Amino acid sequence: MKYTKEQLVDALCAEWDWLCHDDFDPETDPSPEEFRESMEKLTAEQLIEETWTDEEFTLDEYMERYG
């Protein structure tokens, strides 16, 4: 695999931070720590699935943006 599990977790957390930056709702959104903890429990394959990447928006592009 080209990316480590830690790199994938970091990128997913960066994306989550970007998405929630202006719209964070403490009633429904996990804290940054809770989100990271939930991502750390996943396998590398599951983390890749969480990126929602495909042939049009590749994992490399995702990692360039958030990694």
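Helices here are DSSP runs of H or I with at least four residues, numbered from the N terminus. With that in hand, pick Tyr62, which sits in helix H4. Keep in mind that this is a predicted model.

**Stop 1: Tyr62**

Show Tyr62 as sticks and switch on a surface. Tyr62 is buried, at a relative accessible area of 1%. Now light up what surrounds the residue. Setting aside residues within four places in sequence, Tyr62 is in contact with Ala11, Leu12, Glu15, Thr51, Thr53, Phe57 and Gly67. Try a C-alpha distance to Leu12 as well: Tyr62 and Leu12 are 50 residues apart along the chain, and their C-alpha atoms are separated by 9.3 Å.

**Stop 2: H1 against H4**

Select H1 and H4 together and look at how they cross. Their axes are 9 Å apart and the packing angle is about 65 degrees. Which hand does the crossing of H1 and H4 have? It is left-handed. To see the contact itself, colour Gln7, Leu8, Asp10, Ala11, Leu12, Ala14, Glu15 and Trp18 on H1, then Leu59, Tyr62, Met63 and Tyr66 on H4. Colour by class and the residues of this contact divide into nine nonpolar, one polar and two charged.

**Stop 3: Tyr3, just ahead of H1**

Slide back to Tyr3, in the segment before H1. Buried or exposed: what is Tyr3? Its relative accessible area is 15%, and the cut-off for buried is under 20%, so Tyr3 counts as buried. Put a distance label between Tyr3 and Leu59: C-alpha to C-alpha they are 9.5 Å apart in space, with their positions 56 residues apart in sequence. Leu59 also turns up among the contacts of Tyr3 beyond four places in sequence, along with Leu8, Asp60 and Met63.

**Stop 4: H1 against H2**

Keep H1 on screen, hide H4 and bring up H2. This time the angle is about 145 degrees, with the axes 10 Å apart. The crossing of H1 and H2 is right-handed. Select Lys5, Val9, Asp10, Leu12, Cys13 and Trp16 from H1, plus Pro32, Phe35, Arg36, Met39 and Glu40 from H2, and you have the residues that make the contact. By class, the contact of H1 with H2 holds seven nonpolar residues, four charged ones and no polar ones.

**Stop 5: the aromatic rings**

Show Phe, Tyr and Trp side chains only. How many aromatic pairs does a search of the whole structure find? Four. One of them is Trp16 with Phe35, a stacked pair with 5.3 Å from centre to centre and 15 degrees between the planes. This pair ties together distant parts of the chain, since Trp16 belongs to H1 (residues 5-20) and Phe35 to H2 (residues 32-40), 19 residues apart. Trp16 and Phe35 are both buried.

For a contrasting geometry, go to Phe57 and Tyr62. Their ring centres are 6.3 Å apart and their planes stand at 70 degrees, so this pair is edge-to-face. Phe57 is partly exposed, with a relative accessible area of 25%. Then return to Trp16 and Phe35 and add Phe24: Trp16, Phe24 and Phe35 form one aromatic cluster.

**Stop 6: the nonpolar core**

Next, select Leu8, Leu12, Phe35, Met39, Leu47, Tyr62 and Met63. These have the most contacts inside the largest nonpolar core, which has 17 residues. The elements giving two or more residues to this core are H1, H2, H3 (44-50) and H4 (59-66). Which element gives the most to this core? H1 does, with seven residues. Zoom in on Leu47: beyond four places in sequence, Leu47 touches Lys5, Leu8, Val9, Leu12, Met39 and Leu42.

**Stop 7: the loop between H3 and H4**

Finish on Trp52, in the loop between H3 and H4. Check the backbone there: Trp52 has a positive phi of about 55 degrees, though it is not a glycine. Most residues other than glycine have a negative phi. Trp52 counts as exposed, at 72% relative accessibility.

Then click Thr53, which lies in the loop between H3 and H4 too. Thr53 is partly exposed, with a relative accessible area of 22%. Outside four places in sequence, Thr53 is in contact with Ile48, Thr58, Leu59 and Tyr62, which brings you back to the residue where the tour began.

Key. Residues are numbered from 1 along each chain as its sequence is written. This is a predicted model: local features need pLDDT of at least 70, side-chain atom pairs count only at pLDDT 80 or more; totals for chains, interfaces and linings use all residues. Side-chain values use heavy atoms; hydrogens and water are left out. Rings of Phe, Tyr and Trp (its six-membered ring) pair if their centres lie within 6.5 Å; planes under 30 degrees apart count as stacked, over 60 as edge-to-face and the rest as tilted. Buried means under 20% relative accessible area, exposed over 50%, partly exposed in between (1.4 Å probe, protein chains only). A nonpolar core is a set of buried Ala, Val, Leu, Ile, Met, Phe, Trp, Tyr and Cys residues joined through side-chain atoms within 4.5 Å. Contact means heavy atoms within 4.5 Å. Axes are lines fitted to C-alpha atoms, for helices over the stretch in contact, and angles run from 0 to 180 degrees between N-to-C directions. A crossing is left-handed if the near helix is turned anticlockwise from the far one by less than a right angle, and right-handed if clockwise. Ala, Val, Leu, Ile, Met, Phe, Trp, Tyr, Cys and Pro count as nonpolar, Asp, Glu, Lys and Arg as charged, and the others, Gly among them, as polar.
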